[in-house]
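Please open the structure in your viewer and keep the selection tool at hand. The tour below moves from stop to stop, and each stop says what to select and what to look for there.

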Amino acid sequence: MKTTKDQLSIFDIVLKHDINPDILPSEPKIKAEPKIIQPSGKNLCPYKIPAVADIIKLIEKSAYKINKSKLISDVFECGALAISNLVDFTKYDEREQRYLQIIKQYAPDEQKLIADVFAQIFALCSSVTFDDGVFGDYLGELFMKCNQGNKSKGQVFTPYNVSKLMAKITITDSDFKQNEIVPISDCCSGGGGLLLAALDVLKNDYGINYARNCFIDAGDIDIRCVHMTYIALSLAGVPAIVKHQDALSRELWSVWKTPAFLFQYPRFYKYENLN
């Protein structure tokens, strides 16, 4: 609170008065009028959306003192742990312990870098929830452009335009009925690109409210891909379960449930034990 000779300011509200400027009148003569924001017709994103190139540039700035591959993996894991620990309290203790184990390896300025990189990832991935949001395999693109893929193991992510074409060909009107849940599965999800392309088509081609009428069962044998898919689906607002699992042997190491799944658990609980 700041006072001047002519007015008393409380945050962004200004009240004129004619008494002691150090005392707030109990009934101000002039009340602050609330600002009215006229709707634009679209739920436009209120912040500047970063590009994948911006995130890469931020990572590259500290590549001289931090192993880039480890940094990227730790950003993905810390981001996934942070999201999970806000909603999945059954896993909180072990995941919080893992988060602290990772973050304590870094100096304070490096910890800030991890937070800054994830803040940009958060802004980019969550921008798809706005009416003018553009879907994309942003984390898969980041992963590949930073040379994190393993070509010898066939780990080359599908370009998003190809993923979207596949989704358009695969999804038809017969796949869903009024208010029914549309199940989607990908046992080798990578960065979640094919799944995001499916959400893109459901939302923009068929007008489906995927946050309510879609469930995704995803998984990957690479824990980095599990973290990427979990972050992407969590920030897109879709009910999903992402598994760290061998798709062939069915060996299961960990399960990650998105906020949208847990918030709507009575509607989606029957999908919890799919294997």
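Begin with arginine 250, which is partly exposed because its relative accessible area is 33%, a value that falls between the limits of 20% for buried and 50% for exposed. The model you are looking at is a predicted one. Arginine 250 sits in the loop between β6 and β7, and its phi is positive, at about 70°, although it is not a glycine. Most residues other than glycine have a negative phi. A second place to look at for this feature is asparagine 147, just after α5, which takes a positive phi of about 60°.

From the loop, move to the sheet. Select β4, β5, β6 and β7, and you will see four strands that form an open sheet in that order, with mixed pairing. The strands β4 (182-186) and β7 (252-257) stand at the edges with a single partner strand each, so one side of each has no neighbour in the sheet. On average, neighbouring strands of this sheet are turned by 15° against each other, direction ignored. Now select β5 (residues 214-220) together with β6 (residues 240-245): these two strands run parallel and are joined by five bridges. Within this pair, find aspartate 217, which stands opposite isoleucine 241 in β6.

Next, colour the nonpolar residues of the interior. The largest nonpolar core has 64 residues, and those with the most contacts inside it are Phe76, Ile121, Leu142, Leu199, Ile216, Ile231 and Leu233. Apart from this core lies another, of six residues, among them Ile181, Phe215, Phe261 and Tyr271.

Which residues does leucine 199 touch, not counting residues up to four places away in sequence? Select leucine 199 and its surroundings, and you will find Phe135, Tyr210, Cys214, Ile216, Leu233, Ala236 and Val238.

Another residue of the largest core, isoleucine 231, lies in helix α9. Isoleucine 231 counts as buried because its relative accessible area is 0%. Leaving out residues up to four places away in sequence, isoleucine 231 touches Phe76, Gly79, Ala80, Ile83, Phe118, Ile121 and Leu139. If you draw a distance between the C-alpha atoms of isoleucine 231 and leucine 139, you will find a separation of 8.9 Å, although the two residues are 92 residues apart along the chain.

Leucine 139 leads on to helix α5 (residues 138-145), whose buried residues are Tyr138, Leu139, Gly140, Leu142 and Phe143. Show what lies over these buried residues, and the cover will include α1 (52-60), α2, α4 (108-126) and α9 (223-236).

Keep α1 and α4 on the screen. Their axes come within 10 Å and cross at roughly 175°, and the two helices are therefore roughly antiparallel to each other. In this contact, Val52, Asp54, Ile55, Leu58 and Ile59 in α1 meet Leu113, Asp116, Val117, Gln120, Ile121 and Leu124 in α4. The residues of the contact divide into eight nonpolar, one polar and two charged.

For the last stop, select glutamate 77 in helix α2 (residues 68-87). Is glutamate 77 buried or exposed? Glutamate 77 counts as buried because its relative accessibility is 13%. Not counting residues up to four places away in sequence, glutamate 77 touches Arg98, Ile102 and His227.

Note on methods:
Residues numbered from 1 in each chain as written. Predicted model: local features only at pLDDT ≥ 70, side-chain atom pairs only at ≥ 80, totals over all residues. Heavy atoms only, no water. Buried < 20%, exposed > 50% of the residue type's maximum accessible area, 1.4 Å probe, protein only. Contact = heavy atoms within 4.5 Å. Core = buried A, V, L, I, M, F, W, Y, C linked by side-chain atoms within 4.5 Å. Pairing = 2+ DSSP bridges. Axes fitted to C-alpha atoms, helices over the stretch in contact; angles between N-to-C directions. Parallel < 35°, antiparallel > 145°, perpendicular 65-115°, else oblique. Nonpolar A, V, L, I, M, F, W, Y, C, P; charged D, E, K, R; others polar.
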